[in-house]
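Here are some exercises on reading a protein structure, each with a worked solution. Have the sequence and the 3D view at hand, and try each task before you read on.

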Amino acid sequence: YKLGDDEHSCHDVDECQSNTDECQHNCSNTDGSYECYCRDGYRLGTDNHSCTDINECESEDFSCSINKFCSNTPGGYECLSCRNGFGVSHDQLRCILNLSTSNLETLAKDFIGVSEKNAQQLLNLSVGIASALTDGIQAISFENDSASVDLYSSYANLFGAIVNLRRRSGEFNSSLPPSEDDGLINSLVNITGSLLSSNVISQLTDNTTKNALADSVTKAVSDVESLATVIASTLEEGNQTAKSLSSGNIKIQVKAIDEGKNVTFEDESTSIQFSLKSLDLGQPMVITSVSLGKVGDALPKKTSEVVKSGVVSVQLLPLNSVDVTPLNTSSTGSHPVEIEFTILDVTDLSLIECVFYEYDHNENPIGWSTTGLIKEVKNSSVVCKSNHLTSFAVLVNVGGVKHDDVTEAALRYFTYIGIGLSIVCLFITVVALSCFRCKGQKTPLNFVHINLSLTLLIALVIFGGGSWYARHIKILCSVLAGLLHYFFLAVFSWMLCEGVMLYLMVVKVFSQLPKKLWFFLLLGYGLPIPAI
């Protein structure tokens with residue numbers, strides 16, 4: 001109130017009219033005071049002056065058609081449609097990723113066809129997509145049907161497209177806030193753990209559609225390596241010098257390096273030593289290491305090849321760059337990369353090789369290659385030394401043919417049956433020839449046949465009776481190997497004796513056959529001795 005002109009009466013002061021109120025929106029004068037009220041779509045705050053937006057979407061105070069979702073706006077809301085590849089959630093509050101193969105492919109095409117005009121929009125969109133992909137991949141059920149194969153391939157393609165967009169975001173002058181970018185990278189790492197998990201790899205290798213999936217798995221491995229370059233590009237010179245992210249059996253490590261120093265990466269079954277003494281880098285560099293677990297079982301390979309270790313990829317690139325710099329020091333004879341694989345299920349480490357997965361000029365897989373690699377065998381591990389790194393440098397160990405338990409048992413039984421029949425027949429042959437000799441047929445040819453059959457009989461008895469049980473006893477295995485070597489060579493020596501006899505009987509028809517059998521004994525049993 002204020003005093004009237006007569007200095008006796010009081011008149012109400014209209015605070016709203018005189019702009020002395022503290023209302024954020026609207027003011028209503030009252031007797032001796034005023035009240036604040038808000039515009040539609042807002043509610044009065046607890047201080048009775050400020051106004052707070054009402055989220056009609058969360059309060060379910062909205063009306064949108066079933067194919068649109070609610071998007072809150074200041075003082076109201078909008079009913080919007082979802083972009084291609086997304087559908088409206090049941091509560092109509094957001095768009096969710098449509099997990100059908102066709103929609104995943106549509107999204108992948110959008111990301112692959114990125115331009116500077118829509119790069120930022122797609123980069124923003126990728127945050128939500130990446131967080132939704134992991135659950136979708138884990139839900140795939142491989143049941144020998146082409147639909148699951150197509151769905152897996154669609155996920156792999158979309159993952160690769162998002163990784164490529166994030167890798168090239170600098171070219172398009174687009175970026176995300178640091179927190180959102182970290183979230184995107186973590187989501188992409190989680191996707192790799194789902195795409196290349198041990199469970200998925202075992203399903204792929206046991207599945208009749210594994211050939212159709214081989215290309216998708218190979219591409220996914222290459223995209224994981226590209227993701228490693230993205231993580232490396234987030235390192236800042238002089239500040240953060242290393243990062244390590246993992247998901248499932250996938251582990252990505254990046255380290256900034258100093259010239260002339262060694263870099264080591266440790267894992268459960270591998271140890272990577274990178275020697276930089278022989279390299280003239282000339283600029284700050286980053287090394288990336290990607291441990292891919294048993295993904296080698298799913299990569300295209302020959303039927304005679306079995307991956308006996310995890311797969312490791314190593315890359316060298318400039319700091320603050322995502323352009324991979326190939327390293328090749330073969331001209332200097334240096335092997336700066338040493339990867340030690342722990343091999344637990346191989347009894348003879350000399351049977352395996354150090355290899356890397358090779359591609360042609362069109363990025364088509366060729367297969368495992370030993371070019372530029374040196375192998376050193378230790379107690380239960382193999383050290384692979386390499387003189388080169390490429391954008392896809394994978395070093396593994398490959399062994400012989402691997403059979404399942406049923407096939408292994410069947411082959412073993414057939415081997416014993418064949419050896420058993422041979423032993424019985426050879427025993428009958430030796431007995432029959434000996435009987436003929438006792439009845440007067442004491443010819444040199446008969447003597448040669450008896451010894452030929454006897455040496456082969458002894459060799460088969462040793463092989464069938466002792467080789468299987470001696471494989472875990474080193475000394476016994478060495479002794480049996482020496483005996484087998486000797487008696488099989490003796491078989492050939494006695495075949496030589498038989499050839500001599502046939503020559504004398506057929507060519508030198510009228511020549512007298514040698515009657516001193518010591519000559520044949522010396523040739524048959526003595527000739528193999530120097531070779532042992």
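**Exercise 1.** Decide from the sulfur distance whether Cys 38 and Cys 51 form a disulfide, then describe the bond and its surroundings in this predicted model.

*Solution.*
- Step 1: Recall that a disulfide is a covalent bond between the sulfur atoms of two cysteines.
- Step 2: The cut-off for the sulfur pair is 2.5 Å. The sulfur atoms of Cys 38 and Cys 51 are 2.0 Å apart, and a disulfide joins the two residues.
- Step 3: Look along the S-S bond of Cys 38 and Cys 51. Its torsion is about -95 degrees, so this disulfide is left-handed.
- Step 4: Locate the two ends. Cys 38 sits in the loop between strand 4 and strand 5 (42-44), while Cys 51 belongs to strand 6 (residues 51-53), so the bond ties together parts that are 13 residues apart in sequence.
- Step 5: Check the surroundings: Cys 38 and Cys 51 are both buried.

**Exercise 2.** Work through the pair Cys 23 and Cys 36 in the same spirit.

*Solution.*
- Step 1: With sulfur atoms 1.7 Å apart, Cys 23 and Cys 36 form a disulfide.
- Step 2: The S-S torsion of Cys 23 and Cys 36 is about -85 degrees, so this bond is left-handed.
- Step 3: The pair links distant parts of the chain, 13 residues apart: Cys 23 is in the loop between strand 2 (10-11) and strand 3 (26-30), and Cys 36 is in strand 4 (residues 33-37).
- Step 4: Buried means under 20% relative accessible area. Cys 23 has 13%, so Cys 23 is buried. Cys 36 has 12%, so Cys 36 counts as buried.

**Exercise 3.** Find where the disulfide of Cys 354 and Cys 384 sits in the chain.

*Solution.*
- Step 1: The two sulfur atoms are 2.0 Å apart, and Cys 354 and Cys 384 form a disulfide.
- Step 2: A torsion of about -80 degrees about the S-S bond makes the disulfide of Cys 354 and Cys 384 left-handed.
- Step 3: Cys 354 lies in strand 20 (residues 353-359) and Cys 384 in strand 23 (residues 381-386), so this pair links distant parts of the chain, 30 residues apart.
- Step 4: Both Cys 354 and Cys 384 are buried.
- Step 5: For the whole model, the count comes to 4 disulfides.

**Exercise 4.** Why is there no bond between Cys 438 and Cys 435?

*Solution.*
- Step 1: Cys 435 holds the cysteine sulfur closest to that of Cys 438, yet the distance is 6.2 Å, which is too far for a bond.
- Step 2: Exposed means over 50% relative accessible area. Cys 438 reaches 70%, so Cys 438 counts as exposed.

**Exercise 5.** Describe how strand 3 and strand 4 are arranged.

*Solution.*
- Step 1: Strand 3 and strand 4 pair in the antiparallel sense, over 5 bridges.
- Step 2: Pick one bridge: Asn 26 has Tyr 37 in strand 4 as its partner.
- Step 3: Go to the turn. The hairpin of strand 3 and strand 4 has 2 residues between the strands, and Gly 32 takes a positive phi near 85 degrees.

**Exercise 6.** Describe the packing of helix 1 and helix 2.

*Solution.*
- Step 1: Two packed helices are described by the angle and the distance between their axes.
- Step 2: The axes of helix 1 (residues 101-112) and helix 2 (residues 119-138) come within 12 Å and cross at roughly 145 degrees. The crossing of helix 1 and helix 2 is left-handed.
- Step 3: Helix 1 makes the contact through Leu 104, Leu 107, Asp 110 and Phe 111, and helix 2 through Leu 122, Ser 126, Ile 129 and Leu 133.
- Step 4: Sorted by type, the contact residues of helix 1 and helix 2 are 6 nonpolar, 1 polar and 1 charged.

Technical notes
Residues are numbered from 1 along each chain as its sequence is written. This is a predicted model: local features need pLDDT of at least 70, side-chain atom pairs count only at pLDDT 80 or more; totals for chains, interfaces and linings use all residues. Side-chain values use heavy atoms; hydrogens and water are left out. Helices (H or I, at least four residues) and strands (E, at least two) are DSSP runs, numbered from the N terminus. Buried means under 20% relative accessible area, exposed over 50%, partly exposed in between (1.4 Å probe, protein chains only). Axes are lines fitted to C-alpha atoms, for helices over the stretch in contact, and angles run from 0 to 180 degrees between N-to-C directions. A crossing is left-handed if the near helix is turned anticlockwise from the far one by less than a right angle, and right-handed if clockwise. Contact means heavy atoms within 4.5 Å. Ala, Val, Leu, Ile, Met, Phe, Trp, Tyr, Cys and Pro count as nonpolar, Asp, Glu, Lys and Arg as charged, and the others, Gly among them, as polar. Two strands pair if DSSP finds at least two bridges between them.
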